[in-house]
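Here is a short guided report for a first look. Keep the sequence and the 3D view side by side while reading.

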Amino acid sequence: MQEELALRSQAINLNAGPSPLPLPALLEAASSLLSYPETPGLGIAEISHRSSAFQKVLNKANADISKLLHIPSNYRVLWMQGGGLTQFSATVLNLEAWYRIKNNLAKDDVVTAEYAVTGSWSAKAQEEATRMGVQAKIIADGRKNGGGKFRSIPKVAEWDLSAHGDSAKGRKPAFVYYCDNETVDGVEFPTEAEAGAQPFPFDFIDKDVPVVCDMSSNFLSRPVDVSKYGIIYAGAQKNLGPSGVTVVIIREDLIVDPDLALPHGGARVPSMLAYKNLADSDSMFKYVTSQQ
């Protein structure tokens with residue numbers, strides 16, 4: 001172990017993906033893999049995910065996230081698998097179901113969602129939403145001012161927000177989606193306190209339309225007003241821990257039984273992607289990854 005620690009002290013980790021983990025956390029994890037204090041002789045990766053010992057791990061993770069982000073009481077923290085790419089589909093499937101139920105849609109009614117495309121990740125999310133059958137409208141395109149490349153976030157005057165505000169006609173979009181930090185393209189939405197750049201225009205979004213945000217690469221790196229969002233999701237591998245788990249923070253009123261949307265034209269949602277199943281089971285609908 002001393003040799004490994006010496007080698008680690010000489011290494012500099014500049015990976016854009018998996019983040020370097022604090023040495024105390026690694027040592028505790030290594031020790032817990034051999035013998036977890038709550039279950040002497042058994043490692044954390046060997047115990048039942050339904051045991052009281054693991055329930056304490058889960059409860060502490062929920063409490064820590066809630067404390068760090070000041071999450072309001074009307075939100076739920078869900079732990080899922082599949083990374084951010086799985087959430088490209090999960091957000092669409094669950095919010096389409098919520099929207100169809102809420103608006104009592106007919107089976108052949110088309111659901112519209114809006115995407116701010118400011119980099120490759122939000123572009124992939126918009127493409128996936130289109131593939132899932134939603135009319136995924138691009139309301140801001142960072143390529144227009146970058147010669148076909150993502151170089152900056154368009155000023156709000158360039159966004160198509162015609163579906164919002166008093167002059168809007170017809171049904172509102174089911175949700176508005178954006179990626180807070182586009183790692184591949186080096187484009188990040190600034191906080192409202194940062195001058196000279198375009199923050200996400202919450203004030204221009206209809207209050208009845210939930211905002212969905214992929215925060216995978218800057219999650220827990222700065223304060224966030226969770227109450228402005230319908231859903232925040234993030235892969236753990238950037239700032240939260242090792243890869244293998246995805247955290248989803250969702251407002252409770254958006255959690256519905258997707259089967260109730262079937263008469264309204266909704267899709268059958270895989271059980272593991274239905275937020276209600278995760279919420280009802282305290283994220284233990286199926287085995288929880290040991291890396292959590």
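Where is the place of glutamate 28? Glutamate 28 sits in helix H2, which covers residues 23-34. This is a predicted model, and the values below are computed from it.

**Helix H2 and the start of H3**

Is glutamate 28 buried or exposed? Glutamate 28 is exposed, and its relative accessible area is 56%. Compare its position with that of serine 52. The two residues are 24 places apart in sequence. In space, their C-alpha atoms are 20 Å apart.

**Helix H3**

Helix H3 spans residues 52-69. That is 18 residues. From its first C-alpha to its last, H3 reaches 26 Å. This is close to the 26 Å expected at 1.5 Å a residue.

Which residues of H3 are buried? They are Ala53, Phe54, Leu58, Ala61, Asn62, Ile65 and Leu69. What do the buried residues of H3 pack against? Their partners are strand E1 (75-80) and strand E9 (246-251).

After H3 comes histidine 70. Histidine 70 lies in the loop between H3 and E1. Its phi is positive, about 50°, although histidine 70 is not a glycine.

Asparagine 104 also deserves a look. Its phi is near 50°, a positive value in a residue other than glycine. Asparagine 104 is placed in the loop between H4 and strand E2 (112-117).

**Helix H4 against helix H5**

Two packed helices are described by the angle between their axes and the distance between the axes. Here the pair is helix H4 (residues 83-102) and helix H5 (residues 120-131). Their axes come within 9 Å and cross at roughly 45°. H4 is therefore oblique to H5. The crossing in which H4 passes H5 is right-handed.

Which residues meet where H4 and H5 touch? From H4 come Leu85, Phe88, Ser89 and Val92. From H5 come Trp121, Lys124, Ala125, Glu128 and Ala129. By class, this contact has six nonpolar residues, one polar residue and two charged residues.

**Two buried residues of H4**

Leucine 93 lies in helix H4. Glutamate 96 lies in helix H4 too. Leucine 93 counts as buried, at 8% relative accessibility. Glutamate 96 is buried as well, with a relative accessible area of 9%. The cut-off for buried is under 20% relative accessible area.

What is leucine 93 in contact with, leaving aside its neighbours within four places in sequence? The list is Met132, Ala267, Val269, Pro270 and Leu273. On the same basis, glutamate 96 is in contact with Thr91, Val111 and Val134.

Leucine 93 can also be placed relative to leucine 68. The two are 25 residues apart along the chain. Their C-alpha atoms are separated by 29 Å.

**Accessibility side by side**

The table gathers the residues discussed above.

| Residue | Relative accessible area | Class |
|---|---|---|
| Glutamate 28 | 56% | exposed |
| Histidine 70 | 67% | exposed |
| Leucine 93 | 8% | buried |
| Glutamate 96 | 9% | buried |
| Asparagine 104 | 57% | exposed |

The loop residues histidine 70 and asparagine 104 can now be read with their classes. Histidine 70 is exposed at 67%. Asparagine 104 is exposed at 57%. Glutamate 28, in helix H2, is exposed, whereas glutamate 96, in helix H4, is buried.

Key. Residues are numbered from 1 along each chain as its sequence is written. This is a predicted model: local features need pLDDT of at least 70, side-chain atom pairs count only at pLDDT 80 or more; totals for chains, interfaces and linings use all residues. Side-chain values use heavy atoms; hydrogens and water are left out. Axes are lines fitted to C-alpha atoms, for helices over the stretch in contact, and angles run from 0 to 180 degrees between N-to-C directions. Helices (H or I, at least four residues) and strands (E, at least two) are DSSP runs, numbered from the N terminus. Angles under 35 degrees count as roughly parallel, over 145 as roughly antiparallel, 65 to 115 as roughly perpendicular and the rest as oblique. A crossing is left-handed if the near helix is turned anticlockwise from the far one by less than a right angle, and right-handed if clockwise. Contact means heavy atoms within 4.5 Å. Ala, Val, Leu, Ile, Met, Phe, Trp, Tyr, Cys and Pro count as nonpolar, Asp, Glu, Lys and Arg as charged, and the others, Gly among them, as polar. The expected span of a helix is 1.5 Å times one less than its number of residues. Buried means under 20% relative accessible area, exposed over 50%, partly exposed in between (1.4 Å probe, protein chains only).
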